[in-house]
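Okay, thanks everyone, let's get going. I'll put the sequence and the structure up, and then I'll walk you through the sheets, the rings and the packing.

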Amino acid sequence: MNKANNRSNISLGLSSVAKLWLAQLTLRCPPEWHSLIPPLNLKKPNRILVPKSLPVLSYLPQMAKQAPKENQPLINCLIQNESKLHFNQTYSAEDFGENFLKQYGWIKFLGPDAYWHSDILSSGLVLFGDYVTYPEHWHVAEELYFPLSGTALWYHEEKGWATIAGCPLIHHASNIKHSMRTFGEPMLALYIWRGGNLVQKSNI
C-alpha cells in the first residue's frame, strides 16, 4: 500500500471512531462546556498521527462486553480500527512502574496536540486494565470524566473514595487531588479538560 492509500485508510478509520466519540462528547458535555467544542470536520483532521498500539488495548473486547448497550458501538469501532489509531501515555515507568503502563493509555481526539486542534478544550478516551491504581495526582486543568464501561473506585480529596459506574459526571476542579482504582473490571472513560496547560503532565 502506497503512502496516499495508507493515509486515506487511516483517515477513514479515524473518522469512524471520531464520529462516535463526538456523539458521546455532545451527549454528556455540560452546557457551559459544550460551547467550547469547535466545529469539527471529521473527514479532515488537522493532523494525522502515526498509529501506535499499547498493551491496555487487549482489554477492549472485555470493555465492549461489559459496557451498557448504548456505549458498545464506540468500543467496537475502536476494536475494528485500533491498528489505525494513535494511543499514548503521559507517564513513564519511573513515575508509576511497568505494571501501571501495561494497564493504562489514552487516545486524544481534540486538543493542542490532537487530531483536531483546540487550545481551550481537550478530549478523548482513557483506558485502564482490570486491577490497576492511578495514584493520587492533580493538575491545573479542570477535568470531567464519564465512565463508559466498567466500575471503579474514585477518590476526590474533599469527598473521599466512592464506587462509580454507568456514565455519571465525575468532576475534578483545578488542582484537586484525585485518584482511581479498578478492581476486577477494565474501564473506559470519556475525559474532557479545560483551562490551564492542556498538555501538562499531572503533578504526582
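Let me start with a bit of wording: I'll say a charge sits over a ring if NZ of Lys or CZ of Arg is within 6 Å of the ring centre and within 35 degrees of the ring normal. With that in hand, look at Lys177: its charged end sits over the ring of Trp138, 5.1 Å from the centre. There's another one at Trp106, where Lys108 lies over the face, 5.2 Å from the ring centre. And please keep in mind that this is a predicted model.

Okay, sheets. One of them is open, has four strands, and goes E4-E9-E6-E7 with antiparallel pairing. Strands E4 (133-137) and E7 (160-164) are at the edges with a single partner strand each, so each has one side without a neighbour in the sheet. From one strand to the next, the twist averages 15 degrees.

Now zoom in on E6, residues 152-156. How many bridges join E6 to E9? Five, and E9, residues 178-182, runs antiparallel to E6. If you want to find the register on screen, Ala152 is opposite Thr182 in E9, and Trp154 is opposite Met180, again in E9. On the E7 side you get five bridges as well, in the antiparallel sense, with Leu153 opposite Thr163. The connection from E6 to E7 is a hairpin through three residues. Four of the five residues of E6 are buried, so this strand is largely enclosed by the rest of the structure.

Over to the other sheet. This one is open too, with six strands in the order E2-E1-E3-E10-E5-E8, and the pairing is mixed. At its edges you have E2 (116-117) and E8 (170-172), each pairing on one side only. E3, residues 121-128, pairs with E10, residues 187-194, over eight bridges in the antiparallel sense. A handy marker there is Leu127, which stands opposite Leu188 in E10.

Then there's E5. Are its residues mostly covered or mostly open? Mostly covered: eight of its eight residues are buried. E5 runs antiparallel to E10, with seven bridges joining them, and Pro147 is opposite Ala189 in E10. Towards E8 there are three bridges, antiparallel again, and that's where Glu143 faces His172.

Right, aromatics. The count comes to 16 aromatic pairs. Let me show you one of them, Phe96 and Tyr134. Their ring centres are 6.3 Å apart and the planes are at 75 degrees; since planes over 60 degrees apart count as edge-to-face, that's the label this pair gets. Phe96 is in helix H5 (residues 93-96) and Tyr134 is in strand E4, 38 residues apart, so to speak a link between distant parts of the chain. Tyr134 itself is buried, at 7% relative accessible area. Both rings also belong to a cluster linked by ring pairs, made up of Tyr91, Phe96, Phe100, Tyr104, Phe128 and Tyr134.

Staying in E4, have a look at Pro135, which is in that strand too. Pro135 has 26% relative accessibility, and that counts as partly exposed. What does Pro135 touch, leaving out residues up to four places away in sequence? Phe96, Phe100, His178 and Ser179. Pro135 and Thr151 are 16 residues apart in sequence, and their C-alpha atoms are 17 Å apart in space.

Last topic, the packing inside. As background, nonpolar side chains tend to be buried together in soluble globular proteins. Here the largest nonpolar core has 41 residues, and the ones with the most contacts inside it are Trp21, Phe109, Trp116 and Leu125. Helices H1 (3-28), H3 (60-66) and H4 (72-81) each give two or more residues to this core, and so do strands E1 (104-111), E3, E5 (142-149) and E10. The largest share is from H1, with six residues. If you click on Trp21 and skip its neighbours within four places in sequence, you'll find contacts with Leu40, Leu74, Phe109, Leu110, Ser123, Gly124 and Leu190. There's also a second, separate core of 21 residues, including Val126, Ala141, Ile170 and Ala189. You'll remember Ala189 from E10, where it stands opposite Pro147.

That's what I wanted to show, thanks.

Notes. Residues are numbered from 1 along each chain as its sequence is written. This is a predicted model: local features need pLDDT of at least 70, side-chain atom pairs count only at pLDDT 80 or more; totals for chains, interfaces and linings use all residues. Side-chain values use heavy atoms; hydrogens and water are left out. Two strands pair if DSSP finds at least two bridges between them. Axes are lines fitted to C-alpha atoms, for helices over the stretch in contact, and angles run from 0 to 180 degrees between N-to-C directions. Buried means under 20% relative accessible area, exposed over 50%, partly exposed in between (1.4 Å probe, protein chains only). Rings of Phe, Tyr and Trp (its six-membered ring) pair if their centres lie within 6.5 Å; planes under 30 degrees apart count as stacked, over 60 as edge-to-face and the rest as tilted. A nonpolar core is a set of buried Ala, Val, Leu, Ile, Met, Phe, Trp, Tyr and Cys residues joined through side-chain atoms within 4.5 Å. Contact means heavy atoms within 4.5 Å.
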